[in-house]
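Work through the following exercises with the sequence and the model at hand. Each one sets a task and is followed by a solution in steps.

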Amino acid sequence: MQAEVFSILVIAGAMIVLIMLSKRSIDMYEEGCKPRGLALYAIMYVQAIISITEPVLGKKRGRALAAYIGSVFLFILLSNWSGLVGLKNPTANYSVAFTFALLTWIIIQVTKIRENGIKGYISSFFKPLFFFIIPNIFSTLAPLISLSLRMFGNILSGTIIMTMLYSFTGLLSGMIPLIGGFDLIGVIVAPWLHVYFDIFSGFLQAFLFVSLTTIFIGIEYKEDLNNG
């Protein structure tokens with residue numbers, strides 16, 4: 001677990017530095033001029049996150065939740081890519097994936113309470129009939145289990161596959177004369193698989209997590225979100 005903690009600290013530190021540099025670049029940006037450099041990428045990133053939240057939550061709520069969604073997406077993405085620079089992938093540890101899912105689940109429950117009140121929230125567990133309480137409890141816990149296991153399972157499976165691949169290619173390379181302990185086959189084959197399991201799959205899992213988070217929260221609102 002110590003390796004994951006170190007990776008989390010490194011990723012969090014990198015995010016803080018990136019945010020501070022982005023703020024500095026935006027502060028130097030003059031209105032009416034075409035944004036360039038880091039300011040341009042920061043603006044594009046914010047617009048991309050808002051394009052995920054606004055269609056589901058409406059303009060006001062979508063912009064309010066964008067800060068959380070944007071932070072979670074960036075952290076999960078960097079975590080999923082951290083293995084490429086030799087760090088231990090935090091999201092391959094279930095406690096990390098569960099923590100992010102728990103944060104989302106809490107927001108979902110808070111939203112549901114705000115929309116229905118404490119009395120309505122509790123009574124929803126007994127609808128349509130009293131003995132439906134058990135399936136209703138499982139339905140409430142489903143997003144927590146689904147979000148955490150989906151990300152953890154996909155990231156861990158990719159890590160296991162790459163570990164097995166390096167073991168196999170290392171064994172094959174050891175059979176080649178004059179190569180010795182150098183994993184020549186792994187150097188040739190592994191980068192292409194890293195593109196899928198680390199870069200593409202890492203981005204996909206981060207995107208799915210924030211997309212499902214937005215959808216699960218949006219479901220709890222009663223009124224027309226296009227006007228909210």
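**Exercise 1.** In this predicted model, decide whether F203 counts as buried, partly exposed or exposed, and then classify the ring pair that F203 forms with F207.

*Solution.* Begin with the accessibility of F203, which is 40% in relative terms; since buried means under 20% and exposed means over 50%, F203 counts as partly exposed. Apply the step again to F207, whose relative accessibility of 34% makes that residue partly exposed as well. Next, turn to the geometry, for a pair of aromatic rings is described by the distance of the centres and the angle of the planes. The centres of F203 and F207 lie 6.3 Å apart with 10° between the planes, and because planes under 30 degrees apart count as stacked, this aromatic pair is stacked. Finally, place the two residues along the chain: they are 4 residues apart in helix α6, and so about one helical turn separates them. Ring pairs also join F203 and F207 with Y45 and F73 in a cluster.

**Exercise 2.** Classify the pair made by F100 and F209, and find which helices it links.

*Solution.* The count of aromatic pairs comes to 8. For F100 and F209, the ring centres are 6.5 Å apart and the planes stand at 85°, so the pair is edge-to-face. The pair links distant parts of the chain, with F100 in helix α4 (residues 94-123) and F209 in helix α6 (residues 184-219), 109 residues apart. As for their surroundings, F100 counts as buried because its relative accessibility is 12%, and F209 counts as buried because its value is 3%.

**Exercise 3.** Identify which residues touch the most other members of the largest nonpolar core, and which element gives the largest share of this core.

*Solution.* The largest nonpolar core has 34 residues, among which V72, F209 and V210 touch the most other members. Two or more residues come from each of α1 (2-27), α2 (37-57), α3 (59-81), α4, α5 and α6, and the largest share, 10 residues, is given by α3.

**Exercise 4.** Determine how L149 counts by accessibility, and name the surface patch to which L149 belongs.

*Solution.* First locate L149, which is found in helix α5 (residues 133-174). Its relative accessibility is 43%, and therefore L149 counts as partly exposed. Together with I134, I137, F138, L141 and I145, L149 forms a nonpolar patch on the surface, whose accessible area is about 540 Å² in total.

Methods
Residues are numbered from 1 along each chain as its sequence is written. This is a predicted model: local features need pLDDT of at least 70, side-chain atom pairs count only at pLDDT 80 or more; totals for chains, interfaces and linings use all residues. Side-chain values use heavy atoms; hydrogens and water are left out. Patches are made of residues with over 30% relative accessible area and no salt bridge: like charges are joined within 9 Å, nonpolar side chains (Val, Leu, Ile, Met, Phe, Trp, Tyr) within 5 Å. Accessible areas come from the Shrake-Rupley method with a 1.4 Å probe; for residues, only the protein chains shown count as cover. A salt bridge is a side-chain nitrogen of Lys or Arg within 4 Å of a carboxyl oxygen of Asp or Glu. Buried means under 20% relative accessible area, exposed over 50%, partly exposed in between (1.4 Å probe, protein chains only). Rings of Phe, Tyr and Trp (its six-membered ring) pair if their centres lie within 6.5 Å; planes under 30 degrees apart count as stacked, over 60 as edge-to-face and the rest as tilted. A nonpolar core is a set of buried Ala, Val, Leu, Ile, Met, Phe, Trp, Tyr and Cys residues joined through side-chain atoms within 4.5 Å.
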